[in-house]
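Welcome, and thank you for opening the structure in your viewer. Let us walk through it together, one selection at a time.

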Amino acid sequence: MAGQNHDCMPELSQPFRPDAVAAVLSMLVACAAVAVAWALARRARTPHPVLSLTWSLGGSVALGTALWASHGLAAMAWHTDFWATQGLLSVATSWALAVAMSSLGVIAASRIRPDGLGQAAGLVILVAGWGLVAWVGRAMPMVAADGAWPATLVAVAALLLLAPAYLAARLDEHLQTRASAMARKLRDANEELQHAVLHDGLTQLPNRRLMLERLQAITQRCDADGTQAALLFIDLDGFKPVNDLFGHGFGDAVLCEVSQRLLSMAREGDTVARLGGDEFAILLAGVGSAEVAQQLALRAVAAIQTPVQLAHREARLSASVGIAVYPGDGAADKLLAAADAAMYEAKRGGGGQAMCFASHMEAEARAQVEMQRDLRRAIEQPERGELSLHYQPKVSAQGGRVTGVEALLRWRHPEHGMVGPAVFVPVAERFGLIDRLGNWVIDEACQQIGAWQRQGLRLRVAVNLSMHQLRQPGLVERVRLMLVRHGVAPGSLMFEITESVAMDENDATGRVFDELAALGTELSIDDFGTGYSSLAYLRRLPSRQIKIDRSFVMDIDTCSDALAIVEAVIRLAHALGLAVVAEGVETEAQRDLLRQLQCDEFQGYLFARPVPGATVLRWSQGLDRPARLHFDTPAADAATAQPLAEAALLALQA
């Protein structure tokens, strides 16, 4: 170019050799700058914004200055004195550009993963920044001679080359953030699931499963170091009347309060667990003697006996506590039954006390263990035919026409014969079998409905549903699958819930009621009059009938108070559009009075006792049918029942 100053540049036509020392020194400075800047960039990953900015600026200045110096050394290697030939403004501008370009590399490197490919990418970005800054620095001498455009062109090219690397680093940071968030959510979900499996949903105490796992671990430790452990089995005295009187919502609050009191009196390292219902347990590690366990048990009784005051109501409870010590009172798998037997001994003695397991209780403890073993076998092996449902008819007050049946669970033990529900249901609750037992009852009832329908008999079957079952996750979906599997229309299945369960104002329970109604099943309130009812809540329930408790029906013809209560209940139910069923009708006098009070349906021994499903089918065919029962379904109902049932089943499957 004409008039170009070549004083600062070596003549290309003159042979020259670069200064090897300066060239090597230039490369060493550049490599050291990259290493230092990378270390500072990693420190910039701190979540503290001020520290992050400080480390980023420090890395940018360090890298820019070092690369700027490296450029000068490279120029000296080509026999060009960079600092001597450039003016102060040019040198300062070159340094500022070096720092600015280096900052992009430092910021990008600070935002990528500090290991693996991310680290390699960071080094590439920094090295690329060094090379491009060097080009910018080399372009500065052209500014004085040919104007700004060559340097500007190189600077723009540097930015265009660094921009994709910077954007890639930001994308890497975004993807890493999303991956970390997803991993955190998955970890939290797993922890919540694990907690739900091993803890009681109401009190958040360890449940039976976790308590038994800890019992196994503690007994193994006792075997290893020769120490003792103890198990306290706690059953609340007087909880059921409180629960029935004030409703399950108040009862749940009382259980939570009791759990907090037990936690407050337990020692560090002890396990306080809720076994189910109103039963708790405390697992004591490192117990010196049975007397120490008994002192702790008496403290638990005293804590529970303090009146509970919640929502302007007061509840007075007590507790019966059974104590079993390991290894003296049995092996680990027998310890719960031993403590349970001791608890029942305390309850038979009047409650409000603690008793240690003794040898004379061993027979009952063994019986409890054997019963739960046999019941578990009966549930797991239905082909043995030990469990069955019997059905008691409900009849219309006008004419005695059978309107439906109630399913009642029976267990025929292979050695002990018929075992009543009052005996084996508490065992199922105590040993964690009640959920599976309840599911079996619903499935068996659906199977029987389907079998009857194939024989031309259409009856609505009522099944009792406990609070424990209502709190099972996925109950509604399991019911739907059972109905579909057996080809049963939802309207053929009715769930009976006690009044105290129905009055539970828990949102989750209310949703289950609504979902069961939306499924098409019917809802009935059982034992009405024995609990605490909110008329406003009763009006919102998706129920179609209520059942008057047998305790009122049995006295209706001899007690004016019982008669007045029954009359009031019938009027109230009819005002709310509900049908009324009187259970426990055993005499004609009771039937006649209930008919005069316009009761809609009857159930009781006056009409029929609970019988197997095959007997109900024979009755419907006119074989050995009791005189007071009639199965004459109206013609209009018979003509429309089949297509309506099929339509409901198709909707359920959809």
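Which residue in β3 does Ala-273 stand opposite? Ala-273 faces Ala-281. Before you select more, note that this is a predicted model, where local features need pLDDT of at least 70, side-chain atom pairs count only at pLDDT 80 or more, and totals for chains, interfaces and linings use all residues. Residues are numbered from 1 along each chain as its sequence is written, and side-chain values use heavy atoms, with hydrogens and water left out.

**Stop one: the five-stranded sheet**

Select β2 and strand β3 (residues 279-285), which pair in the antiparallel sense over five bridges. Helices (H or I, at least four residues) and strands (E, at least two) are DSSP runs, numbered from the N terminus, and two strands pair if DSSP finds at least two bridges between them. Now widen the view: five strands form an open sheet with mixed pairing, in the order β2-β3-β1-β6-β7. At its edges you find β2 (271-276) and β7 (354-356), each of which pairs on one side only. From one strand to the next, the twist averages 20°.

Next, add helix α10 (residues 290-305), which packs on the sheet and touches β1 (229-237), β3, β6 (318-326) and β7. Contact here means heavy atoms within 4.5 Å. The direction of α10 makes about 160° with that of β6; axes are lines fitted to C-alpha atoms, for helices over the stretch in contact, and angles run from 0 to 180 degrees between N-to-C directions.

**Stop two: charged pairs**

Side chains of opposite charge can pair when their charged atoms come close. A search of the whole structure finds 24 salt bridges, each being a side-chain nitrogen of Lys or Arg within 4 Å of a carboxyl oxygen of Asp or Glu.

Start with Asp-200 and Arg-274, whose closest N and O atoms are 3.1 Å apart in a salt bridge. Asp-200 sits in the loop between α6 (149-198) and α7 (208-225) while Arg-274 belongs to strand β2, so this pair ties together parts that are 74 residues apart in sequence. Are these two side chains' residues buried or exposed? Asp-200 is buried at a relative accessible area of 14%, and Arg-274 is buried at 9%. Buried means under 20% relative accessible area, exposed over 50%, and partly exposed in between (1.4 Å probe, protein chains only).

Then pick Asp-237 and Lys-347, which meet in a salt bridge at 2.5 Å, N to O. Asp-237 is in strand β1 and Lys-347 in helix α11 (residues 332-348), 110 residues apart. Asp-237 is buried, at 14%, whereas Lys-347 is partly exposed, at 28%.

**Stop three: a residue in α11**

Stay with helix α11 and select Ala-338. Ala-338 is buried, with a relative accessible area of 2%. Which residues does Ala-338 contact, leaving aside its neighbours within four places in sequence? Show Ala-324, Asp-329, Phe-357 and Ala-365. You can also mark the C-alpha atoms of Ala-338 and Glu-364, separated by 8.4 Å and 26 residues apart along the chain.

**Stop four: parallel strands**

Finally, select strand β9 (residues 402-413) and strand β11 (residues 460-464), which run parallel and are joined by three bridges. Val-405 has Val-461 in β11 as its bridge partner. Add strand β12 (residues 493-498), which pairs with β11 in the parallel sense over four bridges. There, Asn-464 stands opposite Glu-496 in β12.
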